[in-house]
Amino acid sequence: MHLARFPRLSLGHFPTPLEALPNLSRYLGGPNIYIKRDDCTGLATGGNKTRKLEFLLADALQQQADVVITQGATQSNHVRQTIAAAAKLGLEAQVLLEKRVSDFSDDYQRSGNVLLDNLLGGRIAAHLPAGSDIPQAMEHLAETLRAQGKRPYIIPGGGSNPTGALGYVACAEELLYQSSQQRLRIDHVVHATGSSGTQAGLVAGLGASNSGIPVLGISVRAAKDKQEQNVYQLAQRTWELLGLKGELPREAVVANSDYVGAGYGLPTNSMLEALRLLAQLEGILLDPVYSGKGMAGLIDLIRRGRFSPHDNVVFIHTGGSAGLFGYRQVLESVGKYD
């Protein structure tokens, strides 16, 4: 596996820290919980998409693009980071937002990531209803821009294609190096999984290294079968892009969809507890959509005995704290942990 043969930019602050969470581990009675701080990637409050954008935007520049098109939900962390990266590179950014959560307050529609999208200079080309054919809408926007003499480059939602997933192949390499330096045996990796690129890259990267470390994705949107299918298909395509022999084992992809709640972006009590515990025990901010539900899943699985008390579990913090401001009314009721 030789990632240096793929075009790549330097957009983030890497390696991100790998830190112990001793207070949370003690509170839950084990296992030993660690956190990989991909909320600290540095690009406009950071997040996991920065890793993907290093490869995606390198490809865009090779194709001489002058405008980037992407899409996401109203409070999309991916959209915010894409706009920031485009600004850093002197590219125009046009985005399509989807109203996946429609019954929230004005805070959700205008603050948080949406506020930053505008501050960073992105153009919100449309704010479409939930269920819209977003890929087709992006193609239509690209056609319009080409007719104006521009050279658009389309990035899928979440940056989740094989090129973007290389970012988390690189993260897998980084994590293994850090664990070696810290003499830390990693027994499990857990994270929130949505558009599939983060989990696909981790599975491919850890699998290619023969690490033997299982990855568990806590789904924030799709049902288990659908999520695992999406992740496996992308992981296999990433495996092929890397030039690895054979097929990625299907059993390497595992997702748990028990913590989605009423739907994508909708708060759950377990997510609110996870936000409160990480903030008040460790001084770390999670987000309400991804890392909050991912950590909620990890906490519940620990309580159910899913892990040994002596296991070392690494949680990948995918960022997104800017989205907290879109949930002000929900979070104002959060008190102190018991």
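Q: Where along the chain is P15 found?
A: P15 sits in the segment before β1 (18-20); strands here are DSSP runs of E with at least two residues, and helices are runs of H or I with at least four, both numbered from the N terminus. The model is predicted, so local features need pLDDT of at least 70 and side-chain atom pairs 80 or more, while totals for chains, interfaces and linings use all residues. Residues are numbered from 1 along each chain as its sequence is written, and side-chain values use heavy atoms, without hydrogens or water.

Q: What makes the peptide bond from F14 to P15 cis?
A: Its omega is near 0°. Another cis peptide bond joins G30 and P31, with omega of about 5°, and P31 is in the loop between α1 (22-28) and β2 (32-37).

Q: What makes the phi of A44 worth a look?
A: Most residues other than glycine have a negative phi. A44 is not a glycine, yet its phi is positive, at about 55°. You will find A44 in the loop between β2 and α2 (49-62).

Q: Why are α10 and α11 called roughly perpendicular?
A: α10 (residues 269-282) and α11 (residues 291-303) pack at about 90°, and their axes are 8 Å apart. The axes are lines fitted to C-alpha atoms over the stretch in contact, with angles from 0 to 180 degrees between N-to-C directions. Angles of 65 to 115 degrees count as roughly perpendicular, and therefore this pair earns the label. The contact (heavy atoms within 4.5 Å) includes M271, L275 and L278 of α10 together with M295, A296 and I299 of α11.

Q: What are the two domains, and how many residues of each are in contact with the other?
A: Domain 1 covers 3-47 + 161-334 and domain 2 covers 48-155; such bounds come from an automatic or database assignment. Contacts link 45 residues of domain 1 with 33 of domain 2, and the C-alpha centres of domain 1 and domain 2 are 23 Å apart.

Q: Why is the largest pocket said to lie between the domains?
A: Both domain 1 and domain 2 give residues to its lining, so the largest pocket lies between them. A pocket is an open set of 1 Å grid points where a 1.4 Å probe fits, with protein on both sides within 12 Å along at least five of seven lines, and lining residues have an atom within 4 Å of a point. By that rule 41 residues line the largest pocket, with R100, G157, G194, S195 and R221 nearest its centre.

Q: Which element gives the largest share of that lining?
A: α9, with six residues. Elements that each supply at least two residues include β3 (67-73), α3 (77-89) and α6 (134-147).

Conventions
Parallel < 35°, antiparallel > 145°, perpendicular 65-115°, else oblique.
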